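Student: I should like to learn how to read individual features of a structure. May we work through one case together?

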Amino acid sequence: MEAAVRGIARERTVDLVVIDYLKLIQQTETYANRNQEIGGLTSKLKRFCLDLNVPGLIPHQVSSKGIAARQSKRITLSDGYESGHISQDADVVLGFNRDELFNPQTENPNIAEVDVLKDRVGGGTGYSIDLFFNKHTGRMAPAYRTGAPL
């Protein structure tokens, strides 16, 4: 993967590196446990992106059982599977929340809230942005209510 991205970067500008599924990346090193393996991967990916001077994005699955079991259904920094090293190495962590998933009677079924759970770069931890979410297409767009952007 590194060689492929570096080859593309030699030919044209790379604006973003997206790693969709960490478990598919083959490791050459041997680790004592999965936690150390994830730590090795995230450290390498961060150094790789810093070397190319390009942001990296790693979508990360959360534990819906843990969220469903508590009163507040909002995603927290610790809700991700194997999240210790991922959230530790990340400069920015975003949580996507859709009230409709846990509250079918919500007033805003097409709103996805994006919470800034961690921000080492701009200090935006705690901010939230609303997006319109089309559940039929999976597309998101700026959210508007009564003609005014949120």
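**Reading contacts, burial and strand order**

Tutor: Let us begin with a side-chain pair: in this predicted model, a polar contact of 2.8 Å links the side chain of Ser128 with that of Asp115.

Student: How many residues apart in sequence are Ser128 and Asp115?

Tutor: One compares the separation along the chain with the distance in space. Ser128 and Asp115 are 13 residues apart in sequence, while their C-alpha atoms lie 4.3 Å apart. Ser128 belongs to strand 5, which covers residues 128-133. Beyond residues up to four places away in sequence, Ser128 touches Arg74, Glu113, Val114 and Asp115.

Student: Is Ser128 buried, partly exposed or exposed?

Tutor: Burial is read from relative accessibility: under 20% is buried, over 50% is exposed, and values in between are partly exposed. Ser128 has 41% relative accessibility and therefore counts as partly exposed.

Student: What is the strand order of the sheet?

Tutor: A sheet is read by following which strands pair with which. Here, 4 strands form an open sheet in the order 3-4-5-6, and the pairing is antiparallel. Strand 3 and strand 6 (140-142) each have a single partner strand, so they stand at the edges and one side of each lacks a neighbour in the sheet. On average, neighbouring strands of this sheet are turned by 40° against each other, direction ignored.

Student: Over how many bridges do strand 3 and strand 4 pair?

Tutor: The pairing of strand 3 with strand 4 runs over 6 bridges in the antiparallel sense. As an example of facing residues, Phe96 stands opposite Val114 in strand 4.

Student: Lys118 also lies in strand 4. Which side chain of opposite charge is nearest to Lys118, and how far away is it?

Tutor: For a buried charged residue, one looks for a salt bridge, and then for other polar partners. Lys118 is buried but has no salt bridge; Asp91, the nearest side chain of opposite charge, is 6.4 Å away. A salt bridge requires the side-chain nitrogen to be within 4 Å of a carboxyl oxygen, so a distance of this kind does not qualify.

Student: Which backbone oxygens does the side chain of Lys118 reach?

Tutor: The Lys118 side chain reaches the backbone oxygen of Ala90 at 2.9 Å and the backbone oxygen of Gln88 at 3.3 Å. Outside its neighbours within four places in sequence, Lys118 has contacts that include Leu77, Val92, Val93 and Thr125.

Student: Let us turn to Glu100. Where is Glu100 found, and is it buried or exposed?

Tutor: A loop residue is placed by naming the elements on either side. Glu100 sits in the loop between strand 3 (92-97) and strand 4 (111-119). Its relative accessibility is 17%, so Glu100 counts as buried.

Student: Which side chains make polar contacts with the side chain of Glu100?

Tutor: There are contacts with Arg98 at 2.8 Å and with Lys135 at 2.9 Å. When neighbours within four places in sequence are left aside, Glu100 is in contact with Thr106, Pro109 and Lys135.

Student: To finish with a helix, how does one read Lys44?

Tutor: One applies the steps already used. Lys44 lies in helix 2, residues 34-52, and its relative accessibility of 23% is why it counts as partly exposed. Leaving aside neighbours within four places in sequence, Lys44 contacts Gln27, Glu29 and Tyr31. Lys44 and Ile86 are 42 residues apart along the chain, with 12 Å between their C-alpha atoms.

Methods:
Residues numbered from 1 in each chain as written. Predicted model: local features only at pLDDT ≥ 70, side-chain atom pairs only at ≥ 80, totals over all residues. Heavy atoms only, no water. Helix = DSSP H or I, 4+ residues; strand = E, 2+ residues; numbered from the N terminus. Buried < 20%, exposed > 50% of the residue type's maximum accessible area, 1.4 Å probe, protein only. Polar contact = N/O pair within 3.5 Å; in protein donor to acceptor, adjacent residues only side chain to side chain. Contact = heavy atoms within 4.5 Å. Lys, Arg positive; Asp, Glu negative; His and termini not counted. Pairing = 2+ DSSP bridges. Axes fitted to C-alpha atoms, helices over the stretch in contact; angles between N-to-C directions.
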